[in-house]
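This report examines a helix packing and a set of salt bridges in one protein chain. Please consult the sequence and the coordinates alongside the text.

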Amino acid sequence: MAIDAPTIGGGAEGDLTGRSGGEPVGLRRQPDDPFGEGVWFAPDANAEPARSATRPADPDSKIRPLFDAPSVDSPSYRQFLEALGVAVYTTDAEGHITFFNQAAADFWGRRPELGEEWCGSWKLFWPDGEPMRHDECPMAIALREARSVRGYEGVAERPDGTRAAFIPYPTVVFDADGTLVGAINVLIDVTERRRAEDALNAANAVKDEFLGLVSHELRTPVTTIFGNARLLQSTDGLGDRDGAMVADIATDAERLLGLVENLLLMTRAASEQRVDLEPQVLGHAIRRIVDIFRRHHPERAIDLDIQTDQLIIDADQGYLELLVGNLLGNADKYSPNTEPIEVTVGRAGNEARVTVRDRGIGIPDDNVDRLFTAFYRSDPARRLSGGLGIGLSASKHVVALLGGRIWARPRGGGGSEFGFALPLAEDRLD
């Protein structure tokens with residue numbers, strides 16, 4: 001496909017989309033133009049860069065006809081591109097613009113002259129704001145390397161200063177002999193989507209900051225109330241009425257403290273890409289956490305089975321305490337005091353596993369996948385106890401940050417099993 005330089009921009013004043021009377025302006029087909037045999041393209045977008053702009057068109061080739069029209073220059077083909085409603089333009093093999101539709105002109109905010117190179121945008125930028133030269137845009141890459149290009153994103157600035165984010169889909173075009181003859185590019189405007197994403201991210205940042213601030217402000221007084229209530233419980237001389245009141249204060253303060261800790265954990269976990277991990281002997285850590293829980297819940301029996309003390313994991317101690325504490329608290333809340341909670345620590349392959357089993361209300365099969373969703377609570381759980389339903393969601397966040405996995409399943413004979421697995425620090429196992 002050739003550009004007739006003397007006729008570029010020589011059409012009628014209103015003819016700025018590359019056609020006049022249904023025929024292309026500024027283009028002429030050579031008498032021996034093989035392009036007239038049909039338009040071809042290569043759909044393998046991830047193909048290796050070609051060493052030359054020629055590809056074989058053998059029967060087994062991935063090159064297939066793009067349209068049955070006699071040429072990309074045909075009126076029917078141009079009418080099709082105009083009717084798409086999205087920004088589309090074409091170039092020749094050297095990157096000179098040969099056609100653009102009205103949607104492209106609207107997107108660019110200008111009508112480039114036919115023959116301009118690579119793209120009709122006034123200015124281009126990468127998503128991080130760095131300027132993008134026209135000769136390094138995805139369309140230029142596609143034509144230089146004779147391959148379709150995907151996975152890029154850019155920002156186009158119009159002459160009036162407004163900007164639009166877009167995703168380009170440049171696809172190279174070959175003739176029947178496998179010779180590169182040009183490319184077609186579709187520009188998808190994602191400006192509104194990016195604005196919505198930015199607004200959502202900003203709202204989430206404000207929410208996280210608010211939750212973190214409120215949680216920190218609540219943490220100290222709630223901890224004080226809880227600690228003093230426990231201290232009063234151990235004091236001799238309290239009557240039945242006063243003892244019951246102090247017990248209620250301690251119970252509710254503990255529940256509120258757990259809520260605050262989980263809110264802090266969720267806020268921190270959502271903002272962290274990684275955490276500082278330290279070696280932990282899992283059996284020792286679980287034993288310590290269970291002992292603390294027993295002191296706070298003397299009426300609850302806990303059967304602890306540590307199958308080996310040689311399991312070493314990399315974890316954050318605070319995260320681990322909240323994780324196990326959430327699972328123990330969940331089992332305690334939804335099972336009768338007459339039934340013990342069973343905690344098992346063991347190894348399976350290259351994982352350390354901790355399971356917490358109870359004989360409580362169980363888990364309906366249709367609720368298993370939803371249990372780790374923030375603020376979700378099953379109907380039986382709502383009827384039995386109050387709460388916001390964030391403990392298991394926070395636990396899922398923690399396990400993900402520690403590189404492990406978490407699960408829940410109904411327990412045979414009634415009750416539930418919650419568990420998590422963390423990778424072993426194999427290099428520390430002798």
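The following paragraphs treat a helix pair and then the charged side-chain pairs of this predicted model.

**Packing of two helices**

Helix 7 spans residues 317-333 and helix 9 spans residues 391-401. The two pack with their axes 9 Å apart, at an angle of about 145 degrees, and their crossing is left-handed. On the side of helix 7, the contact is made by Tyr319, Leu323, Asn326, Leu327 and Asn330. Helix 9 meets these residues with Gly391, Leu392, Ala394, Ser395, Val398, Val399 and Leu401. By class, the residues of this contact comprise eight nonpolar and four polar ones, with no charged residue.

**Salt bridges**

Side chains of opposite charge can pair when their charged atoms come close. Across the whole structure, a search finds 16 salt bridges. Three of the Arg–Glu pairs are tabulated here.

| Arginine | Glutamate | N to O distance |
|---|---|---|
| Arg163 | Glu157 | 3.0 Å |
| Arg411 | Glu342 | 2.9 Å |
| Arg409 | Glu417 | 2.5 Å |

The pair of Arg411 and Glu342 links distant parts of the chain, the two residues being 69 residues apart. Arg411 lies in the loop between strand 18 (405-410) and strand 19 (416-423), whereas Glu342 belongs to strand 16 (residues 341-348).

How is each partner placed with respect to the surface, buried or partly exposed? Arg411 has a relative accessible area of 15% and is therefore buried, since the class requires a value under 20%. Glu342, at 27% relative accessibility, counts as partly exposed.

In the bridge between Arg163 and Glu157, the arginine is the partly exposed partner: Arg163 has 39% relative accessibility. Glu157 is buried, with a relative accessible area of 14%.

The side chains of Arg409 and Glu417 also meet in a salt bridge. Here Arg409 is partly exposed, with a relative accessible area of 38%, while Glu417 is buried at 10%. Elsewhere in the list of bridges, Arg133, Asp135 and Glu136 are joined into one network by salt bridges that share partners.

**Summary**

The contact of helix 7 with helix 9 contains no charged residue. Among the charged pairs, the bridge of Arg411 with Glu342 connects a loop to strand 16. In that bridge the arginine is buried and the glutamate is partly exposed. For Arg163 and Glu157, the arginine is partly exposed and the glutamate is buried; likewise, Arg409 is partly exposed and Glu417 is buried.

Technical notes:
Residues numbered from 1 in each chain as written. Predicted model: local features only at pLDDT ≥ 70, side-chain atom pairs only at ≥ 80, totals over all residues. Heavy atoms only, no water. Axes fitted to C-alpha atoms, helices over the stretch in contact; angles between N-to-C directions. Helix = DSSP H or I, 4+ residues; strand = E, 2+ residues; numbered from the N terminus. Left-handed = near helix turned anticlockwise from the far one by under 90°. Contact = heavy atoms within 4.5 Å. Nonpolar A, V, L, I, M, F, W, Y, C, P; charged D, E, K, R; others polar. Salt bridge = Lys/Arg side-chain N within 4 Å of Asp/Glu carboxyl O. Buried < 20%, exposed > 50% of the residue type's maximum accessible area, 1.4 Å probe, protein only.
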